[in-house]
Amino acid sequence: MDIKNKSGDVLGKIQIESLRDNAIDRIVIDLKPGDGKAIYTADVIENQFTQQTNYAPISWGDGLEQLQKHYSPWQPKFPIDSDIDAIHVFYGFDNLTPQEIDEMIEESNRSGRNVVIRDLKPNKKVVGISLTYQEYGGYKLNIFGTTKSRIALPDHDGTKVKQVAIRGVEAFYIFNNETSQLIWIEEDVHGKALQYEIIGGNMSEDLVMKIAKSMNG
């Protein structure tokens, strides 16, 4: 689903779906933290070339003020009634060049394989941060500058999805008996779209929504 602001401009895309037995799903399931894969799929009409990543959380010990220099000029929102217990950062990957993509297509044509995979090279560009809080039994707030997410839901653990809103922006509340997750995309004061995720244990929807609605820049 395209996530739009109040003016109708597209901020990003959040794709939530059940796991299917196809090539991309199998690759995504096997991604380890810190892995990134470029995938060319010849036998589909749309999105023949995709990049799938599993960002690894790297511990950051220099405080949020120092970290701000690395994710600046973002101006994210933070909970007003929680103290940070731990900070982690997510580093990104280099995109494949047009030449490398052409080489994948050529390999597919030459070998007859419908799926060709390449490793993405990690870099030191901060694409997201993760803040851990102890309040309310403990929860995490992830903030990403990348606003395209693909969330695969298992069919067997009772996970449900509910569409809600945060400050007039579309959001998704994903929950089961063990975990609550709220995900949405919101612009900062400069118009930069940021993706937010609140992830907690056995937290009620009201509490998760309370935290999200309390956040300010």
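This section describes selected features of a predicted model, beginning with one helix and the charged residues around it.

Helix 3 comprises residues 98-111. Its 14 residues reach 20 Å from the first C-alpha to the last, close to the 20 Å expected at 1.5 Å a residue. Three residues of this helix, Met104, Glu107 and Ser108, are buried. They lie on the same side of helix 3, because the arc they cover around the axis is only 100 degrees. Pro98, Gln99, Asn109 and Arg110, on the other side of the helix, are exposed. The cover over the buried residues of helix 3 includes strand 3 (35-41), strand 4 (49-54) and strand 7 (115-119). After the helix comes Gly112, which has a positive phi near 85 degrees.

Six salt bridges are present in the structure. As a general matter, side chains of opposite charge can pair when their charged atoms come close. Glu107 of helix 3 takes part in a salt bridge with Arg118 of strand 7, and these two residues are 11 apart in the chain. The N to O distance in this pair is 2.4 Å. Glu107 also forms a salt bridge with Arg113, with the closest N and O atoms 2.3 Å apart. Through shared partners, Glu107, Arg113 and Arg118 are joined into one network of salt bridges. The members of the network differ in accessibility: Glu107 has a relative accessible area of 14% and is therefore buried, the limit being under 20%. Arg113, at 41% relative accessibility, counts as partly exposed, and Arg118 is also partly exposed, at 28%.

A further salt bridge brings together the side chains of Lys37 and Asp119, at 2.3 Å from N to O. This pair links distant parts of the chain, since Lys37 belongs to strand 3 and Asp119 to strand 7, 82 residues apart. Lys37 has a relative accessibility of 21% and counts as partly exposed, whereas Asp119, at 57%, counts as exposed.

The nonpolar interior was examined next. In soluble globular proteins, nonpolar side chains tend to be buried together. The largest nonpolar core of the model contains 31 residues, and the members that touch the most others are Phe78, Ile129, Leu141, Leu182, Trp184 and Ile198. Helix 4 (residues 205-214) gives the most to this core, contributing five residues. Another core lies apart from it and has nine residues, including Ile3, Phe172, Ile174 and Ile183. When neighbours within four places in sequence are left aside, the contacts of Leu182 include Val164, Ile166, Ala171, Phe172 and Tyr173. Tyr196, Glu197 and Ile198 are also among the contacts of Leu182, as are Val208, Met209 and Ala212.

Strand 13 spans residues 180-187, and seven of its eight residues are buried, so the strand is largely enclosed by the rest of the structure. Strand 13 runs antiparallel to strand 12 (residues 169-175), to which five bridges join it. In this pairing, Tyr173 stands opposite Leu182 of strand 13. The connection from strand 12 to strand 13 is a hairpin of four residues. Strand 13 also pairs with strand 14 (residues 193-200), again in the antiparallel sense, over eight bridges. Here Glu187 stands opposite Ala193 of strand 14. Five residues lie between strand 13 and strand 14 in their hairpin, where Gly191 takes a positive phi near 90 degrees.

Several loop residues have notable backbone angles. The peptide bond from Ser72 to Pro73 is cis, with omega near 15 degrees. Pro73 is located in the loop between helix 2 (63-71) and strand 6 (84-93). Tyr136 is not a glycine, yet its phi is positive, at about 60 degrees. This tyrosine is found in the loop between strand 8 (122-133) and strand 9 (139-144). With a relative accessible area of 31%, Tyr136 is partly exposed. Arg167, another residue other than glycine, has a positive phi near 50 degrees. Arg167 lies in the loop between strand 11 (160-166) and strand 12, and at 29% relative accessibility it counts as partly exposed.

Conventions
Residues numbered from 1 in each chain as written. Predicted model: local features only at pLDDT ≥ 70, side-chain atom pairs only at ≥ 80, totals over all residues. Heavy atoms only, no water. Expected span 1.5 Å × (residues − 1). Buried < 20%, exposed > 50% of the residue type's maximum accessible area, 1.4 Å probe, protein only. Arc of directions from axis to C-beta. Contact = heavy atoms within 4.5 Å. Core = buried A, V, L, I, M, F, W, Y, C linked by side-chain atoms within 4.5 Å. Pairing = 2+ DSSP bridges. Salt bridge = Lys/Arg side-chain N within 4 Å of Asp/Glu carboxyl O.
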